[in-house]
Amino acid sequence: MIPAAEAIARFAAGLDALLPADKRLGVAVSGGADSLALLLLAKAARPGRVEAATVDHGFREASRAEAEKVAAICDTLGIPHTILTADWIIPPSANMQAEARAMRYRLLADWAEGRGLSAVAAAHHADDQAETLLMRLARGAGVRGLGGARPRRSLTERVMLVRPLLGWRRADLAAIVEATEMEAVDDPTNRDPRYDRSRFRRVLADADWADPSRLAASAAALRDADEALDWALAPLIETRLMHDEPGVTVDPSGLPRELRRRLLLAGFAMLAAPVPRGPDLVRAMAALEAGETVTLSGLKLQGGDHWRLAHEPPRGR
């Protein structure tokens, strides 16, 4: 159950760019073909430095058996494996997929810290990036949202989340698993039309005009643009965002709209205010540019040549 040498070399090069070769790696394995291919590639590229974990969200009756199936595969491969069981206090709401994702990353981060792992690898790939781009386009997302998943980000101060397969196609990963005797888990929620991702996956499958690799390349270009905007923003925070007790003052003069938006968000962060929803922030910016005063995320925002942000005063009885 060893992938082809070319695949191992390609994966190792991508992983080395995200995580030093001497660091121990955790692999999130659901049992699907994508994550099983990730497991095989990681074992081949980092022998003796890999552990695996499967999160049982408890949403389906078969989920425990699927997690135990992954445990058996890992035992055959000689890879330590842990089943992480979701500890729901409040049942997931209508936004079940987002809440499940938050639960999954929290459990994986705690597991990785407990096992002394430097990073957790997830099996997101180019087709996932293409689906995410279309989903977020449909929601009217900006540059940051359209950039899709990042190759590397922090889970905790000591654990990184890495995605070494973002340049791989789903079919490439399925072929790796098909070449072995392993049987991948078939999660029916991946085809459930109640979920946005399932619907957009079907759109991509039926659209001969949409090449997932090209869409993923566009998402990567947007991610690069987002990083460049953050780079350009850094000196502006130093010169155009000033403490002005009891709040902060923003000087937006002469800046492109996107940098004004990011500078305003930096003001929210400086005052430890919640990040507002995109449409709400757009409406607030229009009011500020018209010289009006609005409230948002617990802040009072005053417009004009300079924008002044301060916490709303306590309301009287």
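How many helices and how many strands does the chain have? In this predicted model, the chain has eleven helices and eleven strands. Its C-alpha atoms fill a box of roughly 65 × 45 × 40 Å along the principal axes. Of the 317 residues, 42% count as buried. The accessible surface of the chain comes to about 16,800 Å², and carbon and sulfur atoms account for 53% of that surface. Among contacts between residues at least 6 apart in sequence, 67% join residues at least 24 apart.

The strands considered here belong to two open sheets. One of them has six strands in the order β3-β2-β1-β4-β6-β5, and its pairing is mixed. Its edges are formed by β3 (81–85) and β5 (152–154), each of which pairs on one side only. On average, neighbouring strands of this sheet are turned by 25° against each other, direction ignored. Within the sheet, β4 and β6 run parallel and are joined by three bridges; alanine 119 has methionine 160 as its bridge partner in β6. Helix α3 packs on this sheet, where α3 touches β2 and β3, and the direction of α3 makes about 165° with that of β3. Helix α4 (residues 96–115) lies across β1, β2, β3, β4, β5 and β6, running at about 145° to β2.

Several of these elements also contribute to the largest nonpolar core, which has 33 residues. Phe11, Leu25, Val27, Leu39, Val162, Leu165 and Trp168 are the residues with the most contacts inside this core. At least two core residues are supplied by each of α1 (5–16), β1 (25–28), α2 (33–45), β2 (50–56), α3 (63–77), β4 (119–121), β6 (160–162) and α7 (170–178). Helix α2 provides the largest share, seven residues. The surroundings of leucine 25 illustrate how separate parts of the chain come together. Leaving aside residues up to four places away in sequence, leucine 25 touches Leu15, Leu19, Ala42, Arg49, Val50, Glu51, Leu117, Ala119, Val120, Ala121 and Val162. Apart from this core lies another, of 22 residues, which includes Val248, Leu264, Leu296 and Leu309.

The other open sheet consists of five strands in the order β7-β8-β11-β10-β9, with antiparallel pairing. Strands β7 (241–244) and β9 (293–296) are at the edges, each pairing on one side only. Neighbouring strands of this sheet are turned against each other by 25° on average, direction ignored. Strand β8 (residues 247–250) runs antiparallel to β11 (residues 307–311), and three bridges join the two. In this pairing, threonine 249 has arginine 308 of β11 as its bridge partner. Four bridges join β9 to β10 (residues 299–302), again in an antiparallel arrangement, and leucine 296 is matched with leucine 299 of β10. The hairpin of β9 and β10 has two residues between the strands, and serine 297 takes a positive phi near 55° there. Helix α9 (residues 212–240) lies across β7 and β8, at about 30° to β7.

Two loop residues of this region were examined individually. Proline 246 is placed in the loop between β7 and β8. With a relative accessibility of 63%, proline 246 counts as exposed, because the threshold for that class is over 50%. Proline 246 and histidine 311 are 65 residues apart in sequence, while their C-alpha atoms are 7.8 Å apart in space. Aspartate 305 lies in the loop between β10 and β11 and is also exposed, with a relative accessible area of 68%. Not counting residues up to four places away in sequence, aspartate 305 touches Asp251 and Pro252. Aspartate 305 and arginine 191 are 114 residues apart in sequence, with 51 Å between their C-alpha atoms.

Helix α8 (residues 196–206) shows a division between buried and exposed residues. Ser198, Phe200 and Leu204 of α8 are buried. These residues lie on the same side of α8 because they cover an arc of only 165° around the axis. On the other side of α8, Arg202, Ala205 and Asp206 are exposed. The cover over the buried residues of α8 includes α5 (126–138) and α9. Helix α9 is thus linked both to α8, whose buried residues it helps to cover, and to the five-stranded sheet, where it lies across β7 and β8.

How values were computed: Residues are numbered from 1 along each chain as its sequence is written. This is a predicted model: local features need pLDDT of at least 70, side-chain atom pairs count only at pLDDT 80 or more; totals for chains, interfaces and linings use all residues. Side-chain values use heavy atoms; hydrogens and water are left out. A nonpolar core is a set of buried Ala, Val, Leu, Ile, Met, Phe, Trp, Tyr and Cys residues joined through side-chain atoms within 4.5 Å. Buried means under 20% relative accessible area, exposed over 50%, partly exposed in between (1.4 Å probe, protein chains only). Contact means heavy atoms within 4.5 Å. Two strands pair if DSSP finds at least two bridges between them. Axes are lines fitted to C-alpha atoms, for helices over the stretch in contact, and angles run from 0 to 180 degrees between N-to-C directions. Accessible areas come from the Shrake-Rupley method with a 1.4 Å probe; for residues, only the protein chains shown count as cover. The arc is that of the directions from the helix axis to the C-beta atoms.
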